[in-house]
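Biologist: I would like a close look at a single part of this model, the salt bridges, together with the elements they join. Please take your time over it and keep the surroundings in view.

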Amino acid sequence: MKNLILSFAVFSLLVGCSSQDDQKAREQANIELVKNYVKAVEELDFEAMGSFLDEKYMGLGPSFGDTIYRAAAIENWKNNVENLYEKIKYNKSKFVAVTIAEGDNKGEWVANWAELKIKFKGEEKEVTIWANVNYMIENGKIARSLTFYNEADALRQLGYLIVPPDAVK
């Protein structure tokens with residue numbers, strides 16, 4: 001009986017360790033996926049960016065109501081690369097894998113916090129923003145992203161004035 005209990009305890013320990021190792025390996029693979037996506041963004045390689053997105057990809061943000069799907073996201077990046085961005089650099093970029101066990105956002109996620117420097121074509125100014133993007137990973141692809149940054153601050157850095165409607169009467 002002692003041997004049976006000891007065998008069961010060892011088996012349970014091995015299964016638990018194996019499960020934790022599998023989880024760590026998936027988390028690391030998810031982080032590497034997002035790092036490769038970020039590298040494609042820095043290289044302004046919209047075709048590579050698209051290769052990391054799941055067919056049912058949905059991006060949300062940065063503003064409430066901003067939602068984009070895979071085909072439109074790739075076309076948007078293509079337009080931005082060809083007409084808007086000269087350079088994007090992720091500085092102070094940090095990544096963490098998180099698993100949400102239940103609810104609407106159940107799944108494996110990678111959060112990225114970064115300081116981004118963006119140089120626009122034809123502009124002398126650079127914009128620096130703090131950005132947070134959370135990526136849901138499914139089957140080795142980015143299935144969803146939630147993006148947060150201060151759009152008004154980016155516009156201010158470009159020289160736009162933001163005034164209340166009452167001030168322009």
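How many salt bridges does a search of the whole structure find?

Modeller: The search of the whole structure finds eight salt bridges, and I should say at the outset that this is a predicted model, so that every value below is computed from it. As a frame for what follows, the protein has four helices and six strands, and from the N terminus on these elements run α-α-β-β-α-β-β-β-β-α. Of its 169 residues, 34% count as buried.

In general terms, side chains of opposite charge can pair when their charged atoms come close. One of the pairs found here is that of glutamate 42 and lysine 89, whose side chains meet in a salt bridge with an N to O distance of 3.5 Å. Because glutamate 42 lies in helix α1 (residues 2-42) and lysine 89 in strand β3 (residues 85-100), this pair ties together parts that are 47 residues apart in sequence. Glutamate 42 is partly exposed, its relative accessible area being 25%, and lysine 89 is also partly exposed, with a value of 38%. Lysine 89 has a further relation worth noting, in that its C-alpha atom and that of alanine 114 are separated by 9.5 Å, although the two residues are 25 residues apart along the chain.

Two residues with positive phi belong to this part of the description. Leucine 44 lies in the loop between α1 and α2 (46-51), and its phi is near 55°, a positive value in a residue other than glycine; at 16% relative accessibility, leucine 44 counts as buried, the cut-off being under 20%. Lysine 92, found in strand β3, has a phi near 50°, again a positive value in a residue other than glycine, but at 55% relative accessibility lysine 92 counts as exposed.

A second pair is formed by glutamate 55 and arginine 70, whose side chains meet in a salt bridge at 3.8 Å, N to O. Since glutamate 55 lies in strand β1 (residues 53-60) and arginine 70 in helix α3, the pair ties together parts that are 15 residues apart in sequence. Glutamate 55 is exposed, with a relative accessible area of 65%, whereas arginine 70 is among the buried residues of α3.

That leads to helix α3 itself, for which the geometry can be checked. At 1.5 Å a residue, the 14 residues of α3 (residues 70-83) should span 20 Å, and the C-alpha atoms at its ends are indeed 20 Å apart, which agrees. Its buried residues are Arg70, Ala73, Trp77, Asn80 and Val81. These residues cover an arc of only 95° around the axis, which puts them on the same side of α3. An α-helix has 3.6 residues a turn, so residues three or four places apart point the same way. On the other side of α3, Ala71 and Asn83 are exposed.

Strand β1 takes part in another pair as well: glutamate 138 forms a salt bridge with lysine 56, the closest N and O atoms being 2.6 Å apart. This pair links distant parts of the chain, with glutamate 138 in strand β5 (residues 126-138) and lysine 56 in strand β1, 82 residues apart. At 25% relative accessibility glutamate 138 counts as partly exposed, while lysine 56 is exposed, with a relative accessible area of 54%.

Strand β5 and helix α3 also bear on the largest pocket, which has a volume of about 920 Å³. This pocket is lined by 34 residues, of which Pro62, Trp77, Tyr85, Thr147 and Tyr149 lie nearest its centre; Trp77 is one of the buried residues of α3 named above. The largest share of the lining, five residues, comes from β5. By class, the lining has 25 nonpolar, seven polar and two charged residues. Of the residues nearest the centre, proline 62 deserves a separate remark, since the peptide bond from glycine 61 to proline 62 is cis, with omega near 15°, and proline 62 lies in the loop between β1 and β2 (67-69).

Terms used. Residues are numbered from 1 along each chain as its sequence is written. This is a predicted model: local features need pLDDT of at least 70, side-chain atom pairs count only at pLDDT 80 or more; totals for chains, interfaces and linings use all residues. Side-chain values use heavy atoms; hydrogens and water are left out. The expected span of a helix is 1.5 Å times one less than its number of residues. Buried means under 20% relative accessible area, exposed over 50%, partly exposed in between (1.4 Å probe, protein chains only). The arc is that of the directions from the helix axis to the C-beta atoms. A salt bridge is a side-chain nitrogen of Lys or Arg within 4 Å of a carboxyl oxygen of Asp or Glu. On a 1 Å grid over the protein atoms alone, a cavity is a set of points where a 1.4 Å probe fits but cannot get out, and a pocket is an open set with protein on both sides within 12 Å along at least five of seven lines; lining residues have an atom within 4 Å of a point. Grid points are joined across faces, edges and corners, and a volume is the space filled by probe spheres set on the points. Ala, Val, Leu, Ile, Met, Phe, Trp, Tyr, Cys and Pro count as nonpolar, Asp, Glu, Lys and Arg as charged, and the others, Gly among them, as polar.
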